[in-house]
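Q: Could we go through this structure together, one topic at a time?
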2 protein chains.
Amino acid sequence: MAVLSEDLTPRLVEAVVNGELTPGTKLSEPELARRFEVGRGSVREALLRLEGLGLVERLPRQGARVVSLTPEGLTELFAVREALEGMACRLAAMAITPAEADALTRLLAQHQQFVDSQEEYQRQQGEEDFHYLLFKASHNRMLVSLLGDELYQLLRMYRHRLSYRHSDPRQALLEHRQILDAVLQGDGELAELLMRRHVARSRRHLLVQFQEEMQ
Amino acid sequence: MAVLSEDLTPRLVEAVVNGELTPGTKLSEPELARRFEVGRGSVREALLRLEGLGLVERLPRQGARVVSLTPEGLTELFAVREALEGMACRLAAMAITPAEADALTRLLAQHQQFVDSQEEYQRQQGEEDFHYLLFKASHNRMLVSLLGDELYQLLRMYRHRLSYRHSDPRQALLEHRQILDAVLQGDGELAELLMRRHVARSRRHLLVQFQEEMQ
DNA sequence: GTCGGCATTTTTGTCGACAAATATTGTTTT
DNA sequence: AAAACAATATTTGTCGACAAAAATGCCGAC
């Protein structure tokens, strides 16, 4: 028998991230319970998890609302990401295994092929895969949990809402290659520096889109 | 009317942090419900929050257990803290207000008095106050929430379990002063560097205590 | 026409109850 | 005596129910 509230959480996360439930929307527990055909307790539990992911805000006796997206929120998120992904790179330079190094090397070779063949196809996923594999190589469970679970969904929400367009794929691939090189050479300091620049660039890119799209 | 599950959470946190509930202890929902005289639903909600704080681990159909403390866990926590507190310092150097600057300056003057008068009294709290005021000056709500709420309780748990003894108070005060000076001069880069060293020193200090006390 | 107060309705916070799953205990077997 | 099994007991996951609080709509007053 499955655990309802755990199956329900990703479904609610998707609904929030993909904009089905827009920012500011009041999330009524009875309504969600009817919609997902579960008891109100399970909805409550799922909403509590969403609060932990920063996707909804819960006020006592007032219920949960989908968080609103602001340039400040985006900036804050990226400051945290810059710090954590930078540290993850530094640690990965010391802790990465040969298998993980191979997987990352192969991934970038694959990206190279896509760039060469002009297929932008799947680029989005590839970017995420690179970051995921890399911070997982830090072998720091708390970092992986923060970057991969807790902060990741909010990042996805911003990207979705901004009809995310990547900047130059060649530039991104170049930066990824530089970062991976530093990691493979065991130069944690350089790897951290390069990753922080990479994340900061990404932040500026998204902030521009924010200005453009949301008047 | 108060919100039971929110009042219950800090009580459970305290019980876990101060060792009343030792690592590995199974936390039975009915038992906690009787003990704290609330319904099982409220206990469940509180346990879910504790899981978010990293104080308990919940396995489906098996309930919650107090996390066990390990040198690896301590190292992971401090890597995250080093990254986040460093970033907070960098941001604080840009965003700190005159009022916050005053409060921090006064706090360090107070610490100086304590050091001069040899009263080690209240040192523990003072250390925490400094860090709290400082990362709050970053004006990054996500950083404040992570450092002040989510990671803080686990740090307290490690400190408590290690009958935390500070290293040299004069050394700590010196480092704090250097950090604050850098922040007040708007030198975010230096402030970050110094804070990261400070946290790393603290990590090594606690790790030694870990080796000593837990064989 | 707009603002303010009152009654109604909905929603949240909380609890107890039930079924399924797990843990525990005692018993039997090798 | 140790291991495997079975019956019991406890616990978790889930739901519906109830009271208090908040949101809503309605009516009258200005």
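A: The turns below treat the relation of the chains, their contact, and a pair of rings.

A: This is a predicted model, in which local features need pLDDT of at least 70 and side-chain atom pairs count only at pLDDT 80 or more, while totals for chains, interfaces and linings use all residues. Residues are numbered from 1 along each chain as its sequence is written, chains are lettered from A and ligands numbered from 1 in the order in which they are written, and side-chain values use heavy atoms, with hydrogens and water left out.

Q: What rotation superposes chain A on chain B?
A: A rotation of 180° with 0.0 Å of shift along its axis does so, with an RMSD of 0.0 Å; the superposition is by least squares on the C-alpha atoms of residues with pLDDT of at least 70 in both copies. That is the relation of a two-fold axis.

Q: And which C-alpha of chain A is nearest the axis?
A: That of A:Ala83, 2.6 Å from the axis.

Q: How many residues does the contact take from each chain?
A: The contact (heavy atoms within 4.5 Å) takes 35 residues from chain A and 35 residues from chain B. Of the interface residues of chain A, 100% are also interface residues in chain B, so the copies meet through the same surface.

Q: What about salt bridges, how many are there across the interface?
A: The rule (a side-chain nitrogen of Lys or Arg within 4 Å of a carboxyl oxygen of Asp or Glu) finds 10 salt bridges across the interface of chain A and chain B. One of them joins the side chains of A:Arg141 and B:Glu76, at 3.0 Å from N to O.

Q: Which helix gives the largest share of the side of chain A that touches chain B?
A: H4(A) does, with 12 residues; helices here are DSSP runs (H or I, at least four residues), numbered from the N terminus.

Q: New topic: how are A:Tyr132 and A:Phe135 arranged as an aromatic pair?
A: They are edge-to-face, 5.5 Å centre to centre with 85° between the planes. Rings of Phe, Tyr and Trp (its six-membered ring) pair if their centres lie within 6.5 Å, and planes under 30 degrees apart count as stacked, over 60 as edge-to-face and the rest as tilted.

Terms used. Helices (H or I, at least four residues) and strands (E, at least two) are DSSP runs, numbered from the N terminus.
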